Amino acid sequence: MGSEIPPQRSRATVRALSLLLACAAAFPACGENPRPEPLTVVSWSGGDGAAVPLDQDLTIEFRQPLSQPLRSSSIEVLDEGGNPVVGLKPTLAGSWLRLSPQLPLGPQLQDGSLRPDHSYQIRLHGLPRLSALTSTTGGVLQKELILPFRTAAARNPAVLLGNGAEFSA
C-alpha cells in the first residue's frame, strides 16, 4: 500500500500553500529586486545656449535627489584648454547641485573661478567609475556626461548680475 498523507497533515499543507499564494498575490514585489531608475540630468546653467554670468551659481538639475556626501572626484569643471577650474564650492539640495564660483575682484574680471567669454564643460562621472554619481533611490549615472556652457563676454552688461555667489575675502 502506498504512503498516504494523514488528513490533518494534508489540510495543514493546503492551508500553508493557500496562505503562501495569497501573500504572493498581495505582495508581487516581495522577493524581487526592482532596478532603480538611472540618474539623469534635466537641465544645467548654460545648457540652453544662454551665456552664464561670472557671479551666478552653476546649477545642475537631476530627475532624482542626489546621494550625500558628494565625492569630489564625481564632478570636474574644465576650461577650454582642459584645465580644472578651481574655487568652485559644491552644494547639494535635493535634486539640485550648485557650484558657486569665486567672484572676480579685478577690473579685467580675470581673477575669479570663471573668465569672461570662455567655454567650459562640467564633467559628471558615471559608470564604470567608482565615483559615479548616485541618487538617494540607488540610481546611478550610467556614463560620463559632458555639459558645455559659455560665460558672458566682458562687454556684456550681464557679465555680472550682482545676485550670484557669496563674496569671500
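A salt bridge here is a side-chain nitrogen of Lys or Arg within 4 Å of a carboxyl oxygen of Asp or Glu. The views below show a predicted model.

**View 1. E144 and R123 meet in a salt bridge.** The N to O distance between the two side chains is 3.6 Å. E144 sits in the loop between strand 6 and strand 7, and R123 in strand 6, so the pair ties together parts 21 residues apart in sequence. E144 is partly exposed, with a relative accessible area of 33%. R123 is partly exposed too, at 24% relative accessibility. The structure holds two salt bridges; the next view shows the pair R150 and D117.

**View 2. R150 and D117 form a salt bridge at 3.2 Å, N to O.** R150 belongs to strand 7 and D117 to the loop between strand 5 and strand 6, so this pair connects parts that are 33 residues apart in sequence. Relative accessibility is 35% for R150, which counts as partly exposed. D117 is also partly exposed, at 36%. The backbone of D117 deserves a look: phi is positive, about 55°, although D117 is not a glycine. Most residues other than glycine have a negative phi.

**View 3. L109 is another non-glycine residue with a positive phi.** The angle is about 60°. L109 is found in the loop between strand 5 and strand 6. Its relative accessible area is 11%, so L109 is buried.

**View 4. Y120 and F149 stack.** The structure holds one aromatic pair. Its members are Y120 and F149, with ring centres 5.4 Å apart and 15° between the planes. The pair links distant parts of the chain: Y120 lies in strand 6 and F149 in strand 7, 29 residues apart. Both Y120 and F149 are buried. Beyond four places in sequence, the residues touched by F149 include S45, V52, L58, V77, L114 and H118.

**View 5. The largest nonpolar core has 26 residues.** Which of them touch the most other members? They are I60, F62, I122, L124 and F149. Strand 2, strand 3 (75-79), strand 5 (96-100), strand 6 and strand 7 each supply at least two residues of this core. In soluble globular proteins, nonpolar side chains tend to be buried together.

**View 6. S45 lies in the loop between strand 1 (41-44) and strand 2 (58-62).** Is S45 buried or exposed? S45 counts as buried because its relative accessibility is 8%, and buried means under 20%. The side chain of S45 reaches the backbone nitrogen of T59 at 2.8 Å. Leaving aside neighbours within four places in sequence, S45 contacts V52, Q56, D57, L58, T59 and F149. T151 is 106 residues from S45 along the chain, and their C-alpha atoms are separated by 10.0 Å.

**View 7. S135 makes a polar contact with T137, side chain to side chain.** The distance is 2.9 Å. S135 sits in the loop between strand 6 (119-124) and strand 7 (145-150). S135 is buried, with a relative accessible area of 2%. Outside the four nearest places in sequence, S135 is in contact with L39, Q64, P65, L66 and S67.

**View 8. E61 in strand 2.** E61 counts as partly exposed, at 22% relative accessibility. Beyond four places in sequence, E61 has contacts with T40, V41, V42, S43, S95 and W96. Where does L97 stand relative to E61? The two are 36 residues apart in sequence, yet their C-alpha atoms are 6.5 Å apart in space.

**View 9. Two loops, each with a cis peptide bond before a proline.** The bond from Q68 to P69 is cis, with omega near -5°. P69 is placed in the loop between strand 2 and strand 3. A second cis bond joins L127 and P128, with omega about 15°. P128 has its place in the loop between strand 6 and strand 7. Most peptide bonds are trans.

Methods:
Residues are numbered from 1 along each chain as its sequence is written. This is a predicted model: local features need pLDDT of at least 70, side-chain atom pairs count only at pLDDT 80 or more; totals for chains, interfaces and linings use all residues. Side-chain values use heavy atoms; hydrogens and water are left out. Helices (H or I, at least four residues) and strands (E, at least two) are DSSP runs, numbered from the N terminus. Buried means under 20% relative accessible area, exposed over 50%, partly exposed in between (1.4 Å probe, protein chains only). Contact means heavy atoms within 4.5 Å. A polar contact is a pair of N or O atoms within 3.5 Å; within protein, one must be able to donate a hydrogen and the other to accept it, and residues adjacent in sequence count only if both atoms are side-chain atoms. Rings of Phe, Tyr and Trp (its six-membered ring) pair if their centres lie within 6.5 Å; planes under 30 degrees apart count as stacked, over 60 as edge-to-face and the rest as tilted. A nonpolar core is a set of buried Ala, Val, Leu, Ile, Met, Phe, Trp, Tyr and Cys residues joined through side-chain atoms within 4.5 Å.
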